[in-house]
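Please look through the structure shown here, and then read the short report on one of its strands and on some of its aromatic side chains.

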Amino acid sequence: MTVAESPRTLAAQTAAPQTASLSPILKQATPVVVDHALGSWIHGTDGNAYLDFTTGIGVTSTGHCHPRVVAAAQEQCTKIIHAQYTTVMHQPLLELTEKLGAVLPLGLDSVFYANSGSEAVEAAVRLARMATAKPNIIVFQGGFHGRTVAAASLTTAGTRFSAGFSPLMGGVHMAPFPYAYRYGWDTDTAVDFALKELDYLLMSRVAPNDTAAFLIEPVLGDGGYLPTPPRFLAGLRERADRHGILVIVDEVQAGFGRTGRFWGHQHADLTPDILITAKGLASGFPISAIAAPTELMSRAWPGSQGGTYGGNAVAAAAAIATLDVIDDEGLVENARVRGEQLLSGIRDVTAAFDVVGDVRGLGLMVGIEFVSHDGNTTIPDAATALAVQQATTRHGLLTLTCGPEGNVVRLIPALVVTEDEITTGVARFASALADVAARNGRS
């Protein structure tokens, strides 16, 4: 019998065609299957319209399928789709870099492009270590920086991101984040505590002359939608300057206007040494970047920056259009005003419910923390948070949960969201919360 006639080959020829499915580990937060989407609305194959307060986890900054972003991508597709940027250069990347220069913090005038937030985080850490010749990175409790091995090693927003594939990258050390509600303190007390513990870490475990960088988000994302207090960020900058440590600010989720400033760190007295951006940069097309002063960027080792798909031409064209839309339509200011409306509205409709322990946010990043009570003890309540998140879908509002204990519902509208859409979203959230509370017999 020849190889071609082997039993396995013959069986394969007569068997039914194999079918494939998505990994069973991938879980959808909602049952919605999208037919089409525009602006703040997703239209499902079920015929229903859903107000989208998830925006692909903060990605569709200019809303779904903004006409100018769509047109820019379509036009670029007729010219060149993939132009590998260490082989040939393409015009969209040059134009995007020029436009980014106008919004980047003063002095951060050199840019490297990748595809995802995780890749950009790893590029930033690699640059910091190479530039300083120091091994250690200090992260802060609750931070999320990605799922690739190094990025997951830097992530402390939940063990699910880093468990099961040890050993993780070495040289990563964690300091407390000033999470005032968790500690039961006011913000100033939490900041004083976190800075004091950081100083103790630098004295007891992680020597400053072995430390390359602090890495922090201006608003914790998966860690619970917690704005980082401005005084804490200023304290990091002061310690970094004193000890010769770099400050890396992860703006993957908080950047590009989402907090009501173009960059989330601009709410504080802080200029980063390295800035990371992704998500809202191209309204849904995959592209990310790090920015640093040219002198610092030039200390990266030759060959340490690159990638097959980095700085894709179509994604770059979409990013240019995104920047133009944000500027022309005043979307940073819209995020500030609509964010204040959203935060105020959610606080009003949750005030009577003792299952809601805290409502916080910055711009169009709002988190609602759910708790239960055992005497004087407050207990994170992930079950109620999930029930509310699921109920919002039934009421036509798409939301997500987050937080290390899964007890925070987060709201992430597009920067184009209108006053009426915020009013509608708040009303739908209130209805969902009331339904869950009534079902559980709780207020």
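The report below describes a predicted model.

## A covered strand

Strand β5 spans residues 136–140, and five of its five residues are buried. Both faces of this strand are covered, since Asn 136, Ile 138 and Phe 140 on one side are buried, as are Ile 137 and Val 139 on the other.

Strand β5 pairs in the parallel sense with β7 (residues 211–216) over three bridges, and within that pairing Thr 211 of β7 is the bridge partner of Asn 136. Four bridges also join β5 to strand β6 (residues 172–175), again with the strands running parallel, and here Ile 137 stands opposite Val 172.

## Aromatic pairs

The structure holds 10 aromatic pairs. One of them is formed by Phe 144 and Phe 161, which meet edge-to-face at 4.8 Å centre to centre, with 65° between the planes. Phe 144 lies in the loop between β5 and α6, while Phe 161 lies in the loop between α6 and β6, so the pair ties together parts that are 17 residues apart in sequence. Phe 144 is buried at a relative accessible area of 16%, and Phe 161 is also buried, at 4%.

Phe 262 and Trp 263 form another edge-to-face pair, with 5.1 Å from centre to centre and 70° between the planes, and both of these residues are buried. In addition, Phe 140, Phe 177, Phe 214 and Phe 232 form one aromatic cluster.

## A nonpolar surface patch

Val 149, Phe 165 and Leu 168 make a nonpolar surface patch of about 220 Å². Val 149 belongs to helix α6, residues 149–153, and counts as partly exposed because its relative accessibility is 46%.

Definitions and conventions:
Residues numbered from 1 in each chain as written. Predicted model: local features only at pLDDT ≥ 70, side-chain atom pairs only at ≥ 80, totals over all residues. Heavy atoms only, no water. Buried < 20%, exposed > 50% of the residue type's maximum accessible area, 1.4 Å probe, protein only. Helix = DSSP H or I, 4+ residues; strand = E, 2+ residues; numbered from the N terminus. Pairing = 2+ DSSP bridges. Patch = residues over 30% accessible without salt bridge, like charges linked within 9 Å, V, L, I, M, F, W, Y side chains within 5 Å. Areas by Shrake-Rupley, 256 points an atom, 1.4 Å probe, with all protein chains shown as cover. Salt bridge = Lys/Arg side-chain N within 4 Å of Asp/Glu carboxyl O. Phe/Tyr/Trp six-rings, centres within 6.5 Å; stacked < 30°, edge-to-face > 60°.
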